[in-house]
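Me: I am new to this structure and would like a close look at a single part of it. Please take one helix and follow what its residues do, and then move outward from there to the contacts around it.

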Amino acid sequence: MKKITQEAIMKTLDWAYGAAVAGGAGLDSASDMANDYMPKSDSESLRDRVDSLIRWQNLKSGTTGFLTGLGGLLTLPIAIPANISVVLFVQVRMVAAIALMGGYDVKDDRVKALVYACMAGNSAKDILKNAGIVFGQKMAESAIKNISGKTIVAINQKVGFRLLTKFGEKGIVNLGKAVPLIGGVIGAAFDSVATNAVGNIARDTFIPLETAAGQEEVEA
C-alpha cells in the first residue's frame with residue numbers, strides 16, 4: 001500500500017469539502033442535508049435536530065468499512081485508500097451541514113478552516129485553543145472575521161498532522177487488507193465512533209446552546 005502522507009490527507013480533505021459543498025452526481029450536498037434536518041416547527045430544538053443528523057451519519061460511516069465507494073463518488077482521490085476517502089467525505093459533509101444549520105457561510109475559507117478543525121475530533125479543542133480561538137460556544141460573525149490567513153494555515157497543518165497520525169495508527173489502515181471481513185467490522189466500528197466525536201465537536205462549535213425554553217443562551 002502506498003504510504004499515506006499529510007499532503008495526501010489535505011488533498012483528500014479539499015476534494016471532500018468541494019464535493020460536499022457542490023453535491024451532484026447523485027449525492028446530496030451539505031446544503032441539502034442541512035435543509036432536511038432544520039427544525040420544521042417552533043417546538044423542535046436546533047441542537048436536537050443536529051443530534052439526529054449526527055446519529056444518521058454515524059450509521060452511514062459505520063457501513064463504509066464494507067464499501068469501496070459511496071453513491072456517485074466515482075473519482076475518489078487515489079493518494080489514500082478508498083475507504084478513508086469515503087469516511088472523510090461523510091464526515092466533512094456532516095460538519096459542513098452543521099455549520100450551515102448554525103448560519104455560517106461554508107464558502108468562507110475561515111469557516112472551512114473551522115470545519116477542518118472539527119475533523120480532528122477531540123483534538124480540535126487544542127488545535128483551536130492554540131490558534132487563539134475559544135472552543136465550546138457558537139462563534140460570532142465578528143470572531144470569524146478575525147481569523148487571519150496565517151491562522152487558517154496553522155489550523156490546516158495541525159489537522160493534517162492529526163489525521164495522518166490517526167489513519168496511520170497500527171492496524172487501522174491495513175487490517176482490512178489482511179482480514180477483509182473482520183477488518184471491515186473493526187473499521188466500521190472505528191469510523192462510527194470517530195464520526196460521532198467529529199459531529200459532537202461540530203455541534204459545540206457551530207450550534208448555540210439553548211435554554212429550557214428553546215432560546216439561545218446569551219452570555220452575561
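Reply: What follows starts at helix α4 and then turns to the pairs and bridges that join other parts of the chain.

The model is a predicted one, and helix α4 spans residues 82-101. This helix gives the largest share of the largest nonpolar core, namely 13 residues. That core has 60 residues, and the members that touch the most others are Leu13, Val95, Ile98 and Phe206. Among the other elements that give two or more residues to this core are α1, α3, α8 and α10.

Within helix α4 sits Arg93, a residue that is buried and yet has no salt bridge. The nearest side chain of opposite charge is that of Asp28, 5.5 Å away, whereas a salt bridge would need a nitrogen and a carboxyl oxygen within 4 Å. The backbone of Asp28 does offer a partner, however, since its oxygen lies 2.8 Å from a polar atom of the Arg93 side chain.

Aromatic rings add to this picture, with a count of 3 aromatic pairs. In one of them, Trp15 and Phe89 form a tilted pair, with 6.2 Å from centre to centre and 45° between the planes. Trp15 belongs to helix α1 and Phe89 to helix α4, so that this pair links parts of the chain 74 residues apart. Phe89 is buried, at a relative accessible area of 0%, and Trp15 also counts as buried, at 18% relative accessibility. Another pair, Tyr104 with Phe206, is edge-to-face, with 5.0 Å between the centres and 70° between the planes. Because Tyr104 lies in the loop between α4 and α5 while Phe206 lies in helix α10, this pair ties together parts that are 102 residues apart in sequence. Tyr104 and Phe206 are both buried.

Turning from rings to charges, the structure holds 5 salt bridges. One of them joins the side chains of Lys112 and Asp14 at 3.7 Å, N to O, and it links helix α5 with helix α1 across 98 residues. Lys112 is partly exposed, with a relative accessible area of 22%, and Asp14 is partly exposed as well, at 38%.

A further bridge joins Arg47 and Asp204, whose closest N and O atoms are 3.2 Å apart. Since Arg47 lies in helix α3 and Asp204 in helix α10, this bridge ties together parts 157 residues apart in sequence. Arg203 also meets Asp204 in a salt bridge of 3.2 Å, N to O, and through shared partners Arg47, Asp51, Arg203 and Asp204 are joined into one network.

Terms used. Residues are numbered from 1 along each chain as its sequence is written. This is a predicted model: local features need pLDDT of at least 70, side-chain atom pairs count only at pLDDT 80 or more; totals for chains, interfaces and linings use all residues. Side-chain values use heavy atoms; hydrogens and water are left out. Helices (H or I, at least four residues) and strands (E, at least two) are DSSP runs, numbered from the N terminus. Buried means under 20% relative accessible area, exposed over 50%, partly exposed in between (1.4 Å probe, protein chains only). Lys and Arg count as positive and Asp and Glu as negative; His and the chain ends are not counted. A polar contact is a pair of N or O atoms within 3.5 Å; within protein, one must be able to donate a hydrogen and the other to accept it, and residues adjacent in sequence count only if both atoms are side-chain atoms. Rings of Phe, Tyr and Trp (its six-membered ring) pair if their centres lie within 6.5 Å; planes under 30 degrees apart count as stacked, over 60 as edge-to-face and the rest as tilted. A nonpolar core is a set of buried Ala, Val, Leu, Ile, Met, Phe, Trp, Tyr and Cys residues joined through side-chain atoms within 4.5 Å.
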